[in-house]
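Student: Could you take me through the ligand site in this one, slowly? I'd like to see what surrounds the ligand, and then what else is worth a look in the protein.

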Amino acid sequence: MKVNFLDLHAQYLSIKEEIDDAIQQVLARSAFAAGPFVKSFEEHFAAAHQAKCCVGVNSGTAALHIVMMALEIGPGDEVLVPANTFFATPEAVSLNGARPVFVDQEAEYYNIDPEKIEQAITPRTRAIIAVNLYGQPAQLERIKAIADKHHLVLIEDCAQSHLATLNGKSTGTFGLCGCFSFYPGKNLGAYGEGGAVITDDEALYKKIMMLRDHGSAQKYHHDLIGHNYRLEGMQGAILDVKLKYLPAWTEKRRHNAALYRKYLRDIPQLVLPAEMPGAKHVYHIFCVRVPRRDEVIKYLGENQIYTNIHYPIPCHLQKAYAGLGYKNGDMPVAEGYADQLLSLPMSEQLKEEEIQYVAEKITAFYQS
Ligand SMILES: *Cc1c(COP(=O)(O)O)cnc(C)c1O
């Protein structure tokens, strides 16, 4: 049996007619850059998260960067970010000339540790970016209270947490705004690149709408220095179709996570992901911790089971950030986990027999 990390082709086949029809409609109307299909998707995506406004942009990285631009967080400013995240989170801070300040993660839930946030705050701190890593909300209520106490902006990186909730409230709505990615492999993926910012703040919404289109609200009148960060019409139309299926796909991911728990529970070497009380985890990634990680990856690969690592090198130790002066030992939890993390195949297309097969092979590896 072959088990892919995810199967985008199977997903496409399950909704092919609707997708093909949506693409034809974009072609028929030549609505390629932003336009009506993007607008329709933005309204639906905001509603899906109980947010007032949504701006579609052309990647998750652009979503984070455009928020930095809108808040004018630049040279001399600091932004707190978790050490274990995809590189785009701190990169967006750096792109605007500000400095990312890394914070270690919680041992149990993998998200930014609220206990370690306050000691990282300085007079230059402007914002906290909380990443809802792997699909599980960070401790957003606690982090919001810390942000308020220190007059900082809370921004959520929701690139992995579409439709996740904490105590019934959607990720992306706890702080000033939430930044999403629609990279093809995300829980809601475009057929190309895409991203979005959701917010209840209308002034921020208007500014981001201008910034994504060269700082312009009226054609050829430029009030701000912006960027070309428009979401493509084709992606808007595709995402609008897929969004209808996202609630069911999310439940399927959660069901698959429950199956993994069932079939993996008798392997003492394995640490399964813990769900935080009150959190609805949407399992973008099913991340376990294992000893002899690289050997198990090789063994699974030989058995046609394809896995990943999120992430092998914490951001503060990346070469690009050598200039910031971090060293090994600064983020003990993130560093200690980096060579134990293993992401198992996960998607709504994954079948029970595939999960059983993965569990069998992991069991065989640790018994030998
Ligand atoms: C995917 C991802 C991003 C970047 O999104 P792109 O659409 O690839 O630019 C940012 N942050 C996190 C946590 C991600 O997983």
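Tutor: Sure, let's start with K186: an N or O atom in the side chain of K186 is 3.1 Å from an oxygen atom of the ligand. That is a polar contact, meaning a pair of N or O atoms within 3.5 Å; within protein, one must be able to donate a hydrogen and the other to accept it, and residues adjacent in sequence count only if both atoms are side-chain atoms. The protein covers 93% of the 380 Å² of accessible area that the ligand has on its own (areas come from the Shrake-Rupley method with a 1.4 Å probe, and for residues only the protein chains shown count as cover).

Before we go on, keep in mind that this is a predicted model: local features need pLDDT of at least 70, side-chain atom pairs count only at pLDDT 80 or more, and totals for chains, interfaces and linings use all residues. Residues are numbered from 1 along each chain as its sequence is written, and side-chain values use heavy atoms, with hydrogens and water left out.

Back to the ligand. D157 has a side-chain N or O atom 2.8 Å from a nitrogen atom of the ligand, while Q160 places a polar side-chain atom 2.8 Å from an oxygen atom of the ligand. In total, 15 residues surround the ligand, each with a heavy atom within 4 Å of it. The closest are G60, T61, D157, S181 and K186.

Now for the nonpolar core. Such a core is a set of buried Ala, Val, Leu, Ile, Met, Phe, Trp, Tyr and Cys residues joined through side-chain atoms within 4.5 Å; buried means under 20% relative accessible area, exposed over 50%, and partly exposed in between (1.4 Å probe, protein chains only). The largest one here has 34 residues, and I66, V67, V79, F102, I129, I155 and I208 touch the most other members. Among the elements that each supply at least two residues are β1 (53-57), α4 (60-70) and β8 (177-181). Helices (H or I, at least four residues) and strands (E, at least two) are DSSP runs, numbered from the N terminus. The largest share, 8 residues, comes from α4. In soluble globular proteins, nonpolar side chains tend to be buried together.

Last, two charges over rings. K169 lies over the face of F174, 5.3 Å from the ring centre, and the charged end of R289 sits over the ring of Y337, 3.9 Å from its centre. To count, NZ of Lys or CZ of Arg must be within 6 Å of the ring centre and within 35 degrees of the ring normal.
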